[in-house]
Amino acid sequence: MPEKFDCIVVGAGPAGTACAYELAKAGVNVLLLERGEYPGSKNVMGGVLYRKMMEDIIPEFYKEAPLERPIVEQRFMMMDKESAVTFSYKGLEWGREPYNNFTVLRAKFDQWFAEKAVEQGALLVCETVALECIVENGRVVGVRTDRPDGDVYADVVVLADGVNSLLAKQLGFHREWRPDEVALATMEILKLDKGIIEDRFNLEPGQGCTIELFGDATKGILGTGFLYTNKDTLSIGVGTLLSGLIKHKIKPYELLEYVKNHPMIRPYIQGSEPIEYLAHLIPEGGYHSIPKVAGHGVLVVGDAAQLVNAIHREGSNMAMTSGRLAAETIIMAKEYNDFSESMLDHYRMKLMESFIGQDLKKYKDATHHFDAFPQYFERYIPMMNRAASQMFTVDGASKWEKQKKIWRDFGSTGEKLKLARDVIKAWRVMK
Ligand code: FAD
């Protein structure tokens with residue numbers, strides 16, 4: 001390994017690779033370190049990849065990237081034990097160029113993306129763990145790796161090492177995440193014939209569908225389940241705040257088994273065969289948990305900076321955009337040969353002005369609100385299901401009578417007032 005680089009990027013996930021790609025394209029001498037055997041080998045995602053943020057880096061990437069299916073339908077299931085109220089949007093325009101988003105398998109996609117960064121000139125070194133940042137006179141000057149003679153130096157280091165960023169923690173940029181700031185997600189990849197997938201999900205060949213699962217999918221704990229179509233596999237998973245799992249004393253894999261056996265889900269996956277089991281944390285602290293993202297000679301991007309919009313299950317797009325914005329800042333810093341915190345802090349400003357800062361600010365209190373008031377998932381989703389069942393059951397009762405019964409089922413006047421207050425509060429934290 002050469003000893004000194006312009007930049008070292010730690011972690012070849014979407015954030016790190018996006019950053020390394022942009023830097024290498026601009027002629028910056030960049031080292032991309034990855035602890036896995038290959039990029040993606042350790043990475044977990046449901047996996048919806050957003051076209052716009054990827055195209056900001058590689059135009060028309062979808063013509064050659066290993067993608068699974070373009071998503072033409074997004075369904076949202078509000079589940080009770082034996083029923084579900086489902087909303088959906090299906091748009092055939094999403095199945096044509098330029099598309100909206102795609103399902104991907106990270107093991108394939110990350111590898112391809114990192115190869116693209118290498119084609120631009122980045123040096124990718126796998127099976128190498130960055131153990132700590134090397135700090136001299138208060139500024140980061142390199143990275144200590146687990147290789148013999150493994151100290152490498154650079155003008156700037158980018159920490160793209162994911163949700164458990166030990167390196168950012170060592171620098172004192174953030175504390176240990178609290179259990180209400182991270183979700184634990186478990187998922188399986190299930191093998192299933194592509195024709196069966198298309199029949200079951202009402203798709204034309206090559207089209208894809210995502211289903212987000214709320215309510216009973218997580219036994220009422222704050223979180224979501226998901227079921228996504230790939231080419232000839234399905235991705236099924238469930239993620240809930242760690243604090244919820246602790247409080248309810250539920251093991252994550254028990255929750256995944258529960259979802260797989262749920263009567264609303266079982267028919268979709270029947271006859272499939274699990275080929276991979278994965279578990280990973282998702283940063284869900286949102287705006288209030290964003291750590292320090294720029295210091296002397298160092299930047300933090302992607303999950304390592306808590307950049308996930310849990311409400312819209314967007315993480316990979318924020319990772320890529322933050323990587324790209326970090327690269328833009330480094331290119332500017334290189335022009336001025338100034339890698340001080342005040343120069344690199346332009347990255348934080350760019351981040352906050354972009355959709356990332358704006359969206360995380362919009363939902364800054366949402367996760368904490370829904371965590372503090374569990375009735376939304378525990379009580380109101382079952383109530384919604386009972387109301388739908390009541391209204392759509394044809395039993396000779398008039399629709400006026402049905403409306404009255406539904407209204408009575410909402411509970412006492414006090415409970416109805418509480419429901420009204422909760423609806424207003426939910427609107428306030430989501431508006
Ligand atoms: P990561 O993807 O975690 O990459 C970090 C990289 O750093 C890894 O390759 C890791 O091996 C490497 N690394 C870590 N430490 C070191 C070290 N010390 N030295 C060297 N290398 C190191 N987002 C979406 O947009 N859509 C979805 O559908 C979606 N679904 C999800 C489902 C699940 C179950 C989970 C867990 C997450 C999901 N996300 C989704 C979130 C998304 O996966 C993340 O936001 C995204 O992967 C963040 O990218 P990143 O590059 O910051 O981190």
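A residue is called buried when its relative accessible area is under 20%. By that cut-off Tyr376, with a relative accessible area of 10%, is buried. The model discussed here is a predicted one, and its aromatic residues serve as the guide through it.

The structure holds 16 aromatic pairs. In one of them, Tyr21 and Phe113 are tilted with respect to each other, with 35 degrees between the planes and 6.5 Å from centre to centre. Because Tyr21 belongs to helix H1 (residues 14–25) and Phe113 to helix H3 (residues 106–120), this pair ties together parts that are 92 residues apart in sequence. Both partners are shielded from the surroundings in terms of accessibility: Tyr21 is buried at a relative accessible area of 7%, and Phe113 counts as buried at 1%.

A further aromatic pair joins Phe370 and Tyr376, whose arrangement is edge-to-face, with 85 degrees between the planes and a centre-to-centre distance of 4.9 Å. Phe370 has a relative accessibility of 13% and therefore counts as buried; its partner Tyr376 is likewise buried, at 10%.

The residues Tyr21 and Phe113 also take part in a wider grouping, since they form one aromatic cluster together with Phe109 and Trp112.

Aromatic rings in this model are also met by charged side chains. The charged end of Lys425 sits over the ring of Phe373, at 4.4 Å from the ring centre. In another such contact, Lys431 places its charged end over the ring of Trp427, 5.8 Å from the centre of that ring.

Key: Residues are numbered from 1 along each chain as its sequence is written. This is a predicted model: local features need pLDDT of at least 70, side-chain atom pairs count only at pLDDT 80 or more; totals for chains, interfaces and linings use all residues. Side-chain values use heavy atoms; hydrogens and water are left out. Rings of Phe, Tyr and Trp (its six-membered ring) pair if their centres lie within 6.5 Å; planes under 30 degrees apart count as stacked, over 60 as edge-to-face and the rest as tilted. Helices (H or I, at least four residues) and strands (E, at least two) are DSSP runs, numbered from the N terminus. Buried means under 20% relative accessible area, exposed over 50%, partly exposed in between (1.4 Å probe, protein chains only). A charge sits over a ring if NZ of Lys or CZ of Arg is within 6 Å of the ring centre and within 35 degrees of the ring normal.
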